[in-house]
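Trainee: I am new to reading protein models, and I would like to look closely at a single part of this one. Could you take me through the empty space between the two domains, and then through the parts of the chain around it?

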Amino acid sequence: MRTTEPTPLQAALEAGERAPSVCNTRPWNLSEERGRIIVATDPERLLDVADPRARELVISCGAALYNIRVGMRAQGSVPEVAILSDAERPGRLAEVAPGLAVPPDEESRAHAAAIPRRRTHRGPFSADIDDVMLARDLTAAAAAEGATLQPLTAEPLIRALSGLVTAAEHLHRHERVRTAELARWVRSAGSRRAEGVHAGDFPPDPDSGLFPGRDYGQQRIRGMLDVQGTVTGTVALLTTPGDTRGSWIAAGQALERVLLAAAAEGVAAAFHTQPLEEEALRSFIAERICGGAYPQMILRLGRPRPRGARPVAPSRPH
Ligand SMILES: Cc1cc2nc3c(=O)[nH]c(=O)nc-3n(C[C@H](O)[C@H](O)[C@H](O)COP(=O)(O)O)c2cc1C
């Protein structure tokens, strides 16, 4: 155990390692080189079937980059970030150097404190984001990173999106190579491996209502996809104006900034990215729901309902 305060670089690296990532693949290589942190992709951890263009891999690395910035800033150094193009050094996404020494601001402190508290929620929520100020803060968090958090309020759009998530999930459960790929990243209860989704992290029953989760349980646990009930939580899309590698890095930073701002207020996110792994469905969502912007993530945000707790009355008609 360390007895001294971590240096800004150590704090930043540790924060980076705690970012969310697709299937908890942790598809990054974070290293220190000449006093700066290098954020590179780990191509060995690419999900070839689910994510052939490495979009979700790069979003995950973008989330790690945001944590690195926060970790450094909370230790009193202003991070100097250079986003690299693939042509410069393939696989290298960014470099972060500690810049000016300035005491941490309130937001960095709050986000740094939220890093260990943020966890993906897979299940129902007891409430939507009913706090107007928080909703505004989350939208601003995404905008500050060049992305848009688009909450869905129109019932027909929520229903349509839930149908597309369900359609993708049905197809994915039917696709052997994909379920085999997913199975490689599912860890049994008691496994000590850091990466992968652990059995304790997904609910044993399909309790996400109309937004089904990925089948981490490989049907042994969940049984057939049985979609019914209500939508809990605020459904939101994270979009970017472009769809380049730079857009995905921005989306990852925006995602983590939103998640940490939410976690600081006791709000968690559930992810339903399945239809974004089907190009036709993704284009459809872009055109019909996102006004032409590129959807990068599909989320439900809210206060997690403890397992076994009775549902509260839905906040909108179903
Ligand atoms: C790009 C991306 C896509 C994700 N897609 C899903 C998803 O479809 N379903 C899900 O339950 N979690 C999804 N997650 C959440 C990860 O599974 C989660 O971050 C990882 O297991 C680590 O757990 P933690 O977030 O609790 O630290 C996604 C995360 C990222 C960054």
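Mentor: What follows goes from the domains to the spaces in the protein, and then to some strands and single residues.

Please keep in mind from the start that this is a predicted model. The protein chain is divided into two parts, domain 1 with residues 8–114 and domain 2 with residues 125–304. Taken over C-alpha atoms, the centres of domain 1 and domain 2 are separated by 21 Å, and the contact takes 35 residues from domain 1 and 36 residues from domain 2.

We can now turn to the empty space itself. Rolling a probe the size of a water molecule over the atoms shows where empty space is left. The largest pocket has a volume of about 770 Å³, and 40 residues line this pocket, with Pro 20, Ser 21, Asn 24, Thr 120 and Arg 122 lying nearest its centre. Three elements each give two or more residues to the lining of the largest pocket, namely helix H2 (55–74), strand E8 (197–198) and strand E10 (268–271). Of these, H2 supplies the largest share of the lining, which is four residues. When the lining of the largest pocket is sorted by class, it has 16 nonpolar, 13 polar and eleven charged residues. Where does the largest pocket lie with respect to domain 1 and domain 2? Both domain 1 and domain 2 give residues to its lining, so the largest pocket lies between them.

There is also an enclosed space to consider. The count comes to one cavity of 30 Å³ or more, and about 140 Å³ of space lies in the largest cavity. This cavity is lined by 13 residues, of which His 172, Arg 178, Leu 182, Arg 214 and Glu 277 are the closest to its centre. Helix H5 (155–173) and helix H6 (176–183) each supply at least two residues of the lining of the largest cavity, and the largest share, four residues, comes from H6. By class, the lining of the largest cavity divides into four nonpolar, two polar and seven charged residues. The reasoning on its position runs as it did for the pocket: domain 1 and domain 2 both give residues to the lining of the largest cavity, so the cavity lies between them.

With the spaces described, let us look at some strands of the chain, beginning with E1 and E2. Strand E1 (residues 28–33) pairs with E2 in the antiparallel sense, over six bridges, and within this pairing Ser 31 stands opposite Ile 38 in E2. E1 and E2 form a hairpin that has two residues between the strands, and in the turn Arg 34 has a positive phi of about 45°. Strand E2 (residues 36–41) is mostly covered, since five of its six residues are buried. E2 also pairs in the antiparallel sense with strand E4 (residues 92–101), over four bridges, and here Ile 38 stands opposite Glu 95 in E4.

Strand E4 also holds Ala 94. Is Ala 94 buried or exposed? Ala 94 has a relative accessibility of 0%, and therefore counts as buried, given that the cut-off for buried is under 20% relative accessible area. Leaving aside residues up to four places away in sequence, Ala 94 touches Ile 37, Ile 38, Val 39, Leu 65, Ala 82, Ile 83 and Leu 84. In contrast to these contacts, the C-alpha atoms of Ala 94 and Val 49, which are 45 residues apart along the chain, are separated by 26 Å.

Ser 77 is found in strand E3 (residues 77–83). With a relative accessibility of 9%, Ser 77 counts as buried, and, again without residues up to four places away in sequence, Ser 77 touches Pro 8, Met 72, Pro 98, Gly 99, Leu 100 and Val 102.

The last residue to visit is Ala 286, which lies in helix H8 (residues 279–288). Ala 286 is buried, with a relative accessible area of 9%. Not counting residues up to four places away in sequence, Ala 286 touches Gly 291, Gly 292, Ala 293 and Pro 295. Ala 286 and Thr 239 are 47 residues apart in sequence, and their C-alpha atoms are 8.7 Å apart in space.

Notes: Residues numbered from 1 in each chain as written. Predicted model: local features only at pLDDT ≥ 70, side-chain atom pairs only at ≥ 80, totals over all residues. Heavy atoms only, no water. 1 Å grid on protein atoms, 1.4 Å probe; cavity = no way out; pocket = protein on both sides within 12 Å on 5 of 7 lines; lining within 4 Å. Points joined across faces, edges and corners; volume = space filled by probe spheres on them. Nonpolar A, V, L, I, M, F, W, Y, C, P; charged D, E, K, R; others polar. Domains from an automatic or database assignment. Buried < 20%, exposed > 50% of the residue type's maximum accessible area, 1.4 Å probe, protein only. Pairing = 2+ DSSP bridges. Contact = heavy atoms within 4.5 Å.
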